[in-house]
Amino acid sequence: MKKITGFLFLMIVCFSFAQQKGQLRKVATIGFLNVENLFDTIASADYIDGTKEVSNPAFHRSVPLDSLKLLDTTEVYRGEWRNELLKGKKVIRHQILADEFTYNSAKNWNTKNYNQKIANEARVISEMGAQYTKTAPVIVGLIEVENRQVIEDLIKHPLLAKYDYGIIHYNSYDARGIDVALIYQKRRFTPTNSLKKEIKIFNDGKRSYTRNILVATGFLDNEKIAVFMNHWPSRSGGEARSLPKRNAAAVVLKQQMDSIRLKDPSTKLFAMGDFNDDPVSSSLKNYLKAVLSPKDLSPETPYLNLMYPLYKKGVASLAYQDAPNLFDQIIVTGNVISDQVGKEYSVYKTEIFAPSYLINKEGNWKGYPFRSWNGDSFTGGYSDHFPAFVVLQREVQ
């Protein structure tokens, strides 16, 4: 990929005032970023307490290995990870990356490097959309977080602490132990409900585990919205061979989006994340049925992919197998599309966020995202993806 430029959609809602042709506006940024394996330095395991309600976040949590001896456990579970099969049990599962991000690993993952990684991601978040809003995003999706603790450490960083971010996070059954999450400015966004939705994929009768879709509903400055955070199955094994997994993820996402629209068509929907497919891929066009132009919106096709105009221009958010791709996308309902500023939020800007410090300056990877890892060596970089964001605007009321 040659010199990836532009801004990647990072769904963050930011608060400020701006003027356009003499009109005073209120603006907000919604976006997301892949934090590329944001792991702490402590080896962990999944702990499932199946004696509790499945909907309780305590049902599934990440626990340091040296704390397991203090927990009441029935077994090291080796069966299928399915809530109904785990009821009544207290089990543990070691994560496949648990030992990789520790002092004793080849990565020599230590506190100094971890703190640098936290500072890097905090800087990116604090600047996303700020050229339009003069402040940090209201809602930020996070991809590849190990557990809730790393998110707590992130939002406590001085660059973010003043915004008083809340957290929505659920552990997933992903074998690597990585999850998706949302952080949000409490004074701007009020959650009313959240849930995790599993994507169940089977190959020859054996389940393949991936990240949940995180669904959060609430009020953004008193407007009802829903946010869907995604990290779909990768292209490991080849694009064609792995495509059915992403098609399955698209079906689950569409079911969740359709369900919320059916309950209240006025709700503004934002689906975002790393889809591991481009806007023109089958999963997004044929299964999610996200259209590529506002003129194609209809009651039967109510979802618009905001990234397609950038994709047509050759803008990319990463390079997969040395080819540019725009995997990081934001999809919205037609009720946030308007030709003029009104009394409700509508889309003002959608961009790939790629300031110079996020871009490799030299070597074989010149022009690529400045990622955190080169094999087992920490580079001091940020991510292997550029972030993405959308800025919303409305009249000041």
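Which residues lie nearest the centre of the largest pocket? In this predicted model, the residues in that position are E144, R176, R371, D384 and H385. They belong to a lining of 41 residues, and the pocket itself holds about 970 Å³ of space. Several elements give two or more residues to this lining, namely β2 (23–38), α6 (239–263), β18 (318–320) and β22 (373–374). Sorted by class, the lining comes out at 14 nonpolar, 16 polar and 11 charged residues.

Before going further into the details, a word on confidence. Mean pLDDT for the protein chain is 90, with 92% of the residues at 70 or more. The N-terminal stretch is another matter: over residues 1–22 pLDDT stays under 50. The model does give that stretch 143 contacts beyond four places in sequence. Still, predicted coordinates should not be read in detail where pLDDT is low.

Next come the enclosed spaces. The structure has three cavities of 30 Å³ or more. In the largest of them there is about 60 Å³ of space, and the residues around it are L33, E121, V124, L358, P369, F370, Y382, S383, H385, F386 and P387. Eight of these lining residues are nonpolar, two are polar and one is charged. H385 turns up in two places here: it lines the largest cavity, and it is also one of the residues nearest the centre of the largest pocket.

The second largest cavity has a volume of about 40 Å³. Its lining consists of Y170, S172, D179, V180, K196, R211, N212, I213 and L214. Two strands, β9 (179–185) and β13 (213–220), each put at least two residues into that lining. The class count here is four nonpolar, two polar and three charged.

On to the sheets. One of them is an open, seven-stranded affair with mixed pairing, and its strands follow the order β10-β13-β14-β15-β20-β17-β16. At its edges sit β10 (189–197) and β16 (290–291), each of which pairs on one side only. So β13 has a part both in this sheet and in the lining of the second largest cavity, by the DSSP runs used to number the strands. Within the sheet, β14 (residues 223–231) and β15 run parallel and are joined by seven bridges. Two of the facing pairs can be named: I225 stands opposite K268 in β15, and N230 stands opposite G273 in that strand. As for cover, β15 (residues 268–274) is mostly hidden, with seven of its seven residues buried.

A further open sheet is built from four strands in the order β4-β3-β6-β5, again with mixed pairing. Its edge strands are β4 (60–64) and β5 (75–76), and each has a pairing partner on one side only. Two bridges link β5 to β6 (residues 90–94) in the parallel sense. Across that pairing, V76 has I92 of β6 as its bridge partner.

A few single residues deserve a closer look. N247 is in helix α6, an element that also gives two or more residues to the lining of the largest pocket. Its relative accessible area is 9%, so N247 counts as buried, the cut-off being under 20%. Leaving out residues up to four places away in sequence, N247 touches S282, S283 and Y287. L392, by contrast, is 145 residues along in sequence from N247, and the two C-alpha atoms are 29 Å apart.

Backbone geometry picks out two more residues. Most residues other than glycine have a negative phi. E36 has a positive value, near 45°, and K289 has one of about 60° although it is not a glycine. Their settings can be set side by side. E36 is found in strand β2 and is buried, at a relative accessible area of 2%. K289 is placed in the loop between α7 (282–287) and β16, and its relative accessibility of 38% makes it partly exposed. That loop leads to β16, an edge strand of the seven-stranded sheet, while β2 is among the elements that supply two or more residues to the lining of the largest pocket.

Methods:
Residues are numbered from 1 along each chain as its sequence is written. This is a predicted model: local features need pLDDT of at least 70, side-chain atom pairs count only at pLDDT 80 or more; totals for chains, interfaces and linings use all residues. Side-chain values use heavy atoms; hydrogens and water are left out. Two strands pair if DSSP finds at least two bridges between them. pLDDT is the predictor's confidence in each residue, from 0 to 100. Contact means heavy atoms within 4.5 Å. On a 1 Å grid over the protein atoms alone, a cavity is a set of points where a 1.4 Å probe fits but cannot get out, and a pocket is an open set with protein on both sides within 12 Å along at least five of seven lines; lining residues have an atom within 4 Å of a point. Grid points are joined across faces, edges and corners, and a volume is the space filled by probe spheres set on the points. Ala, Val, Leu, Ile, Met, Phe, Trp, Tyr, Cys and Pro count as nonpolar, Asp, Glu, Lys and Arg as charged, and the others, Gly among them, as polar. Buried means under 20% relative accessible area, exposed over 50%, partly exposed in between (1.4 Å probe, protein chains only).
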